[in-house]
Amino acid sequence: MLRQYELVERVRAYDPDVDEALLNRAYVFTVQKHGSQKRASGDPYFSHPVEVAGILTDLHLDSETIVTALLHDTLEDTLTTPEEIERLFGADVGRLVDGVTKLSKIEAQTENERAAENLRKFLLAMSDDIRVLLVKLADRLHNMRTLHFIQSPDKRRRIAKETMDIYAPLAERIGMYEYMREMQLLAFSELEPEAYATITGRLAKLTAGGKDKVAAISREFKELLAKNGIEADVSGREKHPYSIWRKMQERHVSFEQVTDIIAFRVITPTDADCYAALGLFHRKWKMVPGRFKDYISTPKRNGYKSLHTTIMHQQNMRIEIQIRSLGMHQQSEFGLAAHWAYKQGGGSPDGQAGWIRDLIEILEQTHDPEEFLENTRIAMYQDRIFAFTPKGSLHQLPKGATPVDFAYAVHTGLGDRTVGAKVNGRLVPLRTQLANGDTVEILSSDKQTPQPAWLGFAVTGKARAAIRRHVRSKEKVELAALGRKMYDEIVARLPNKVGDKARAAARERLKLDDDSALYVAIAKQRLSDNAVLEALVPGITAEMKTKPGKLAQGAAVSIAGLTPGVAYQLADCCHPVPGDRIVGLSRPGEGIEVHVIDCPSLADGIDADWIDLRWQEDSEGGNARLCVVILNEPGTLAEMSGILAANMANITNLRLSNREGGFHTYDVVVEVRDVHHVMRILSALRASDNVVQAERL
């Protein structure tokens with residue numbers, strides 16, 4: 001544990017004008033207030049805030065932040081009041097200590113309370129002064145270093161998971177990679193002890209006796225650079241065990257297949273030297289294609305700058321090299337915290353990315369959390385969100401995630417049975433995008449199954465995979481049933497009845513495994529009627545006859561590009577209307593089917609002849625199919641019908657296609673003049689408060 005004079009000396013080493021009396025008072029105050037309290041390790045409790053303060057001195061933070069670290073547990077764990085801290089140490093320290101205490105209280109709340117408020121408080125406290133977050137990260141880092149002293153395995157795992165889910169990503173978002181790596185390593189060893197032991201054991205064997213090789217390669221790199229006038233610091237290290245494990249999981253590879261276990265860091269005097277060094281390495285050794293990243297010209301969102309490349313060294317050894325200047329290195333290790341070192345030195349944080357400069361400017365100009373959130377959008381969380389179950393369980397999801405993604409994140413079975421969702425107690429459509437801190441309650445039913453429409457808004461891989469798996473299974477069953485009916489219609493044309501034996505022989509000729517595969521192939525039109533007939537009775541010639549169908553040959557619709565007298569029909573899948581760009585599909589014996597040029601069904605028309613078509617100038621009239629989502633309230637259906645009538649759209653078919661909580665989805669077929677008429681109808685529908693969504697199908 002740091003002694004009082006040692007802590008003061010550490011701060012004075014980088015800040016000669018430090019208020020030593022303030023630091024001494026804070027040190028004595030925390031020792032007196034925590035008194036005989038003990039930690040799980042048996043050490044005096046005040047050793048924890050002292051060590052947290054020591055961690056922050058490595059970042060060269062200002063004295064107010066160091067004092068806050070010394071006092072950060074006094075409000076929560078002693079009888080100290082906010083007024084007492086403000087009176088003894090000033091208003092700024094009082095505000096900082098109160099901010100850290102709010103974050104700590106979040107963790108101590110009951111699950112229901114935590115679910116409702118923790119993330120909102122977390123972001124607000126952090127946004128008020130970023131130093132609150134720096135103290136909290138140092139606090140969590142020291143707690144992780146002493147995690148093994150906690151006796152309860154469940155408590156250790158809860159703290160480790162919280163660290164992995166929240167604090168390590170947060171450290172990464174503000175560029176504090178050193179904190180992030182250590183937190184991840186300590187949490188990884190607790191959450192995946194077997195994987196941790198295996199990887200660290202493999203690394204020990206791999207690097208045993210290999211330190212000389214690392215040193216030799218470092219000398220080789222340094223001599224190459226020095227020979228060309230670049231005095232750089234070169235160091236080699238083995239990859240982070242958690243980084244290796246994550247790479248194994250993401251790439252689905254074994255430890256042996258992770259090629260770049262050893263990485264070298266080259267720190268140059270200037271930014272220009274970075275590119276000069278890169279050129280030297282690429283001229284001497286072959287670069288591995290696809291492994292070069294220029295984060296200097298295009299920094300990461302947290303301000304990280306560096307050049308990354310991988311070369312093939314001797315004996316085809318892959319070596320990753322990171323090249324950066326000294327200023328970039330300080331930023332890469334300590335991120336936003338480096339700002340305070342710049343302030344102490346009187347300089348400016350020019351080495352940081354624009355978003356960090358903007359963040360600092362806002363922090364220094366206002367203490368209004370709402371304004372901060374409005375202006376910065378919390379850049380560190382812009383690609384992910386955190387949402388909670390009603391019981392307080394935290395789930396991390398990508399930005400744009402919906403209640404369906406959340407349900408699958410909780411459990412695949414819950415996702416499959418989802419029928420609705422409440423966000424912050426309010427019923428919402430399943431396509432609603434979640435925001436940071438939302439509390440999500442999933443409504444489920446054992447009779448529900450995944451819906452194909454969910455693929456239109458689900459964003460997580462887990463959710464999309466589960467939905468696709470069910471959709472494929474359901475489609476196969478439905479296609480097989482449809483194909484069986486179509487098969488029966490085909491064989492009815494034969495002069496003689498055919499049975500199972502003929503069908504088995506036909507499958508063999510068509511190289512299909514079973515009856516289901518045959519029926520699916522027929523339903524998907526992979527097999528023509530003639531092909532099936534020929535497979536059943538080789539040598540038979542049967543011409544398919546065009547059955548009278550719903551051919552749109554009324555006088556009001558005229559299409560140019562057709563041979564006179566040829567039968568055609570407007571496709572039911574896209575319902576083309578005058579004004580749409582159209583194309584015709586022609587198959588022998590089937591007439592011509594007219595589709596909108598961007599109809600998804602055209603993907604199944606590769607085997608057909610395509611005909612360029614256009615509407616003639618006198619064309620007027622057609623059917624358009626609309627999907628309209630309205631609130632499930634009295635009078636809303638009548639309002640929708642009234643809007644259609646007011647816009648001269650006659651309803652020819654109306655079908656309720658989906659019920660989802662307080663919302664009803666209708667498929668509506670209406671008579672329209674042309675595509676412009678359709679657009680006007682949709683605009684009128686969307687203008688209604690009771691219409692949630694209106695689209696053309």
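Me: How many aromatic pairs does a search of the whole structure find?
Reply: The model is a predicted one, and the search for aromatic pairs was run over the whole of this structure. The number of aromatic pairs found is 10.

Me: Is the pair of Phe-221 and Trp-285 stacked or edge-to-face?
Reply: The ring centres of Phe-221 and Trp-285 lie 5.4 Å apart, and the ring planes meet at 65°. Planes over 60 degrees apart count as edge-to-face, so the pair of Phe-221 and Trp-285 is edge-to-face.

Me: How many residues apart are Phe-221 and Trp-285, the pair that links distant parts of the chain?
Reply: Phe-221 belongs to helix H13, which covers residues 211–227, whereas Trp-285 sits in the loop between helix H15 (271–284) and strand S3 (286–287). Phe-221 is buried, with a relative accessible area of 0%, and Trp-285 is buried as well, with a relative accessible area of 9%. Along the chain, the two are 64 residues apart.

Me: Which residue lies over the face of Trp-285?
Reply: Trp-285, itself buried at a relative accessible area of 9%, has a charged group over its ring, 5.4 Å from the ring centre. The residue that lies over the face of Trp-285 is Lys-284.

Me: Over the face of which residue does Arg-39 lie?
Reply: Arg-39 is placed over a ring face, at 6.0 Å from the ring centre. The ring in question is that of Tyr-45.

Me: Which buried residue of H11 is also part of the aromatic cluster with Tyr-196, Tyr-242 and Trp-245?
Reply: Helix H11 runs over residues 177–191 and reaches 20 Å from its first C-alpha to its last, close to the 21 Å expected for its 15 residues. Its buried residues include Tyr-177, Tyr-179, Met-180 and Phe-188. The aromatic cluster is formed by Tyr-196, Tyr-242 and Trp-245 together with one of these, Phe-188.

Me: Which strand gives the most to the lining of the second largest cavity?
Reply: The search of the whole structure finds two cavities of 30 Å³ or more, and the second largest has a volume of about 30 Å³. Its lining consists of Ser-235, Arg-237, Ala-263, Phe-264, Arg-265 and Gln-322, and these residues divide into two nonpolar, two polar and two charged. Strand S1 (233–238) and strand S2 (262–268) each supply at least two lining residues. With three residues, the strand that gives the most is S2.

Me: Is Asn-424 buried or partly exposed?
Reply: Most residues other than glycine have a negative phi. Asn-424, although not a glycine, has a positive phi of about 55°, and it lies in the loop between strand S9 (418–423) and strand S10 (426–428). Its relative accessible area is 49%, and since exposed means over 50%, Asn-424 counts as partly exposed.

Me: Is His-575 buried or exposed?
Reply: His-575 also has a positive phi, near 45°, in a residue other than glycine, and it is found in the loop between strand S13 (568–570) and strand S14 (582–586). Buried means under 20% relative accessible area, so at 13% His-575 counts as buried.

Me: How far apart in space are Val-428 and Glu-660, C-alpha to C-alpha?
Reply: Val-428 is found in strand S10 and counts as buried at 4% relative accessibility. In sequence, Val-428 and Glu-660 are 232 residues apart. In space, their C-alpha to C-alpha distance is 9.3 Å.

Technical notes. Residues are numbered from 1 along each chain as its sequence is written. This is a predicted model: local features need pLDDT of at least 70, side-chain atom pairs count only at pLDDT 80 or more; totals for chains, interfaces and linings use all residues. Side-chain values use heavy atoms; hydrogens and water are left out. Helices (H or I, at least four residues) and strands (E, at least two) are DSSP runs, numbered from the N terminus. The expected span of a helix is 1.5 Å times one less than its number of residues. Buried means under 20% relative accessible area, exposed over 50%, partly exposed in between (1.4 Å probe, protein chains only). On a 1 Å grid over the protein atoms alone, a cavity is a set of points where a 1.4 Å probe fits but cannot get out, and a pocket is an open set with protein on both sides within 12 Å along at least five of seven lines; lining residues have an atom within 4 Å of a point. Grid points are joined across faces, edges and corners, and a volume is the space filled by probe spheres set on the points. Ala, Val, Leu, Ile, Met, Phe, Trp, Tyr, Cys and Pro count as nonpolar, Asp, Glu, Lys and Arg as charged, and the others, Gly among them, as polar. Rings of Phe, Tyr and Trp (its six-membered ring) pair if their centres lie within 6.5 Å; planes under 30 degrees apart count as stacked, over 60 as edge-to-face and the rest as tilted. A charge sits over a ring if NZ of Lys or CZ of Arg is within 6 Å of the ring centre and within 35 degrees of the ring normal.
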